[in-house]
Amino acid sequence: MKAEQTWRAVLGELEMQMSQASFNTWLRDSKLIAFEDNVFVVGVESGFIKDWLQGRMRNTVERTLVGIVGQETEVSFVVWPESDPIGPSSKIVLPDIVEKTSPSLDVSSKRTMTLENFVSGPENLLAHAASQAISEQLNPAQSPLFIYGDVGLGKTHLLSGIKKGCDTKGFQVHMLAAEAFTNELISAIKTGSGSLFRDKYRSCDVLLVDDIQFFLGKKSSVEELVHTIDQIHARNRQIVLASNLSLKSLSGLGRSLCSRIEAGLVVQISKPSTETRKKILRSKASSFSLDLSEDVVSYLAESLQSNVRALEGVINHLSARARLLGQPVSLTAARQATEHVSGHKASSPSMSSEHIIEAVATEFNVTPSELCSKSRARRLTVPRQLAMLLLKDTAGCSLSQIGSLLGGRDHTTARYSCEKARVLLSSDDGFRAKADEVILAINKV
Ligand code: ADP
Ligand code: MG
């Protein structure tokens, strides 16, 4: 089994053991970075997540690994920004991955998000075709390519696929999340290396920026991006942008950016139909060498309608289970696995949002209705910011849902509060400890 598949099987197992909220918070976005000296090096997005996993989950993860690999194996967590899924331009240099343990482990750390393994259907056809076209030949006439659609529908997958295709052609490519762009810009300004930053991004052949909804409210990043787009455009090179929000909802980014995006090619990815879901399930199962009967495929496709991540999650479950039990996947097993995935989904956001608000209120000694009130008393604003962040990250609520839940605030206030909470998490130990307790409390149910 490839090391990457092993890690996915571990995630499948852990997803069965933990509550969905907990799994989503701590592990869903983890990536296997390397496998060396019998250690699975796993990348996560922040120091906060890394510390939490290292402190509280390591033993469980290692036990699960032993169950799957059949021998003692260690895990180590490192901070590894999602924006650089393949890693060659990252500052972290990992040694070549050499297989040193079980010969059945293929230790390639290559990400598997390519244009070839992206399953297309009517809902994503145009986005897929446009991505493929760029990876074959840059298309400055339709630059920027702007791909938008809900979470988990394959935007990052397409961007990674374009990156791989263009890398192979020898182009100079940069792919990063909007958040990383902003962070790098801020630190370039602080260290007086702004011109290096500008050169790097303005002079490349292909620039892919993911999750640009993050730029809302970030004036200098937007300005910088506009200049970058102009320079790349003037050199007949390519820009690709992706966002969870449509252009209409991104109007806060300002006319200068939005008009440039409109001048390029705007494509939407929508939720996959049953037929596309079936194709995706078959494709994911075959990447695990997992046999699924048509009955099981139809059942899963009908039961899991939300997004492709859910389909992947269930295939991870089933593949881990089939391997551990040495049994083919029965309809009953499929039913159990989907109950697990969709059961949690069904209970959110209404159930879990209430639960999150209660847990935050308890931890901060205030009442849920105070948290949901319009009052801006200081003792309420900080816990409210945490509640907003948790609602967003663990219950998957939208910013406007969050705003209306917590005192009829608008989505801009909700976004601002989430950002404040993120800053506090990284800078204030006391706040982090409280957040940790709240998350534990949420996950006990
Ligand atoms: P987004 O960036 O839109 O939130 P991702 O690109 O991260 O979504 O996709 C979530 C997961 O689903 C990824 O593991 C991705 O490989 C997979 N996925 C999404 N769409 C497809 C598809 N059409 N074919 C194959 N895998 C897909
Ligand atoms: Mg994404």
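## The five-stranded sheet

In this predicted model, five strands line up in an open sheet, ordered β5-β6-β7-β4-β8 and paired in parallel. The edges are β5 (173-177) and β8 (265-268), each pairing on one side only. On average, neighbouring strands here are turned by 15° against each other, direction ignored.

Zooming in on one edge, β5 runs parallel to β6 (residues 206-210), and the two share 5 bridges. Within that pairing, L176 sits opposite V209 in β6. Helix α6 (residues 178-190) packs on the sheet and touches both β5 and β6, with its direction at about 100° to that of β5.

## A salt bridge between helices α6 and α7

Helix α6 also supplies E184, which forms a salt bridge with K200 at 2.8 Å between the closest N and O atoms. K200 belongs to helix α7 (residues 194-202), so the pair ties together parts 16 residues apart in sequence. Both ends are partly exposed: K200 has 33% relative accessibility, and E184 has 24%.

## Other salt bridges

The count for the model comes to 16 salt bridges. One of the others joins K434 and E363, with the closest N and O atoms 4.0 Å apart. Here K434 is in helix α19 (residues 429-444) and E363 in helix α14 (residues 350-363), so this contact links parts 71 residues apart in sequence. K434 is partly exposed at 30%, and E363 is partly exposed at 25%.

Then there's R58 with E62, at 3.3 Å from N to O. These two sit 4 residues apart in helix α3 (residues 47-69), so about one helical turn separates them. R58 is partly exposed at 29% relative accessible area, while E62 is buried at 15%.

Definitions and conventions
Residues are numbered from 1 along each chain as its sequence is written. Chains are lettered from A and ligands numbered from 1 in the order in which they are written. This is a predicted model: local features need pLDDT of at least 70, side-chain atom pairs count only at pLDDT 80 or more; totals for chains, interfaces and linings use all residues. Side-chain values use heavy atoms; hydrogens and water are left out. Two strands pair if DSSP finds at least two bridges between them. Axes are lines fitted to C-alpha atoms, for helices over the stretch in contact, and angles run from 0 to 180 degrees between N-to-C directions. Contact means heavy atoms within 4.5 Å. A salt bridge is a side-chain nitrogen of Lys or Arg within 4 Å of a carboxyl oxygen of Asp or Glu. Buried means under 20% relative accessible area, exposed over 50%, partly exposed in between (1.4 Å probe, protein chains only).
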